[in-house]
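Work through the exercises below with the sequence and the 3D structure open. Try each task before reading its solution.

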Amino acid sequence: MAFLPNERVALFIDGANLYSASRNLGFDVDYRNLLEYFRKKANVVRAYYYSAVLETEEYSPLKPLTDWLAYNGYALVTKPAKEFTDGAGRRRVKGNMDIEIAVDMLELADKVDHVVLFSGDSDFRRLVEAVQRKGVRVSVVSSIRSSPPMVADELRRQCDSFLELADIAAEFTRRQTEPRQRNSGTRSTPAEPYADPHEVT
């Protein structure tokens, strides 16, 4: 990914999407190192992290992560997740943050030169196109090496540059997760949730 001298960059991280991609690739994200990695390459003016939070529980496993992010350089954007039961009687949680990401990116487009989107969702293709029409370069961070691939072909074709998550994982890997084990209640950094935040049984 090429960054130009002194260009203003904003990061837009779809938390659930990045979590799924990194887990599929076998690593956990160290968000302190992730921010430092991009700050070394460009003038990062904003780093947004988006996550839906299930408010029906007294304690959310995402809270340690979101609290840490809010105090360590990230603009945290959350909204209540919706809980429902599917046709098979399984408890499901839905928390799409696409609208929030789109609104923030369009509002900030006139103030930055380059946006980095951490998501492979095809729904963002039109957003990327709209931001590009404003003269902003758009890079997408996701993975084609995961199984299945996490990034949609139409999003890869639309963005100015695509960065394979597996290629830069070593820059902000907290710990390897293969074989993945449940946390015992201890955390290696404040950014690590006590439990898998996106699995609901």
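## Exercise 1: Strand β7 and its neighbours

Val9 stands opposite His114, a residue of β7. The model is predicted, so to speak of local features a pLDDT of at least 70 is required, side-chain atom pairs count only at pLDDT 80 or more, and totals for chains, interfaces and linings use all residues. Residues are numbered from 1 along each chain as its sequence is written, and side-chain values use heavy atoms, with hydrogens and water left out.

**Task.** Which strands pair with β7, and in what sense?

**Solution.**

Step 1. Helices (H or I, at least four residues) and strands (E, at least two) are DSSP runs, numbered from the N terminus. Two strands pair if DSSP finds at least two bridges between them.

Step 2. β1 is a parallel partner of β7, with five bridges.

Step 3. β8 also runs parallel to β7, and four bridges join the two. Within this pairing, Val116 has Ser139 of β8 as its bridge partner.

Step 4. Together, β7, α5 and β8 form a right-handed β-α-β unit. Right-handed means that, with the strands pointing away from the viewer, the path from the first strand over the helix to the second runs clockwise.

**Task.** Are the residues of β7 buried or exposed?

**Solution.**

Step 1. Buried means under 20% relative accessible area, exposed over 50%, and partly exposed in between (1.4 Å probe, protein chains only).

Step 2. In a regular strand the side chains alternate between the two faces of the sheet.

Step 3. On one side of β7 are His114, Val116 and Phe118, on the other Val115 and Leu117, and all are buried.

Step 4. Because five of the five residues of β7 are buried, the strand is largely enclosed by the rest of the structure.

## Exercise 2: The nonpolar cores

**Task.** How many residues does the largest nonpolar core have, and which elements supply at least two of them?

**Solution.**

Step 1. A nonpolar core is a set of buried Ala, Val, Leu, Ile, Met, Phe, Trp, Tyr and Cys residues joined through side-chain atoms within 4.5 Å. In soluble globular proteins, nonpolar side chains tend to be buried together.

Step 2. The largest core has 30 residues, and Leu11, Tyr31, Leu34, Phe38, Tyr74 and Phe118 have the most contacts inside it.

Step 3. At least two residues of this core come from each of β1, α1 (15–25), β2 (27–29), α2 (31–39), β3 (43–53), α3 (63–70), β7 and α7 (165–168). With five residues, α2 gives the most to this core.

Step 4. Another core, of 27 residues, lies apart from it and includes Tyr48, Leu117, Val151 and Leu155.

Step 5. Take Phe118 as an example of contact (heavy atoms within 4.5 Å). Leaving out residues up to four places away in sequence, Phe118 touches Leu11, Phe12, Ile13, Asp14, Asn17, Leu18, Leu34, Phe38 and Val141.

## Exercise 3: Salt bridges

**Task.** How many salt bridges does the structure hold, and which parts does the one between Arg8 and Asp113 tie together?

**Solution.**

Step 1. A salt bridge is a side-chain nitrogen of Lys or Arg within 4 Å of a carboxyl oxygen of Asp or Glu. The structure holds nine.

Step 2. In one of them the side chains of Arg8 and Asp113 meet at 3.3 Å, N to O. Arg8 lies in strand β1 (residues 8–14) and Asp113 in the loop between α4 (98–108) and β7, so the pair ties together parts that are 105 residues apart in sequence.

Step 3. Arg8 is partly exposed, at 32% relative accessible area, and Asp113 is partly exposed too, at 28%.

**Task.** Where do Arg133 and Glu129 lie, and how are they linked?

**Solution.**

Step 1. Both lie in helix α5, four residues apart, which means a separation of about one helical turn.

Step 2. Their salt bridge has its closest N and O atoms 4.0 Å apart.

Step 3. Arg133 is exposed, with 59% relative accessibility, whereas Glu129 is partly exposed at 22%.

Step 4. A network of salt bridges links Arg125, Arg126, Glu129 and Arg133.
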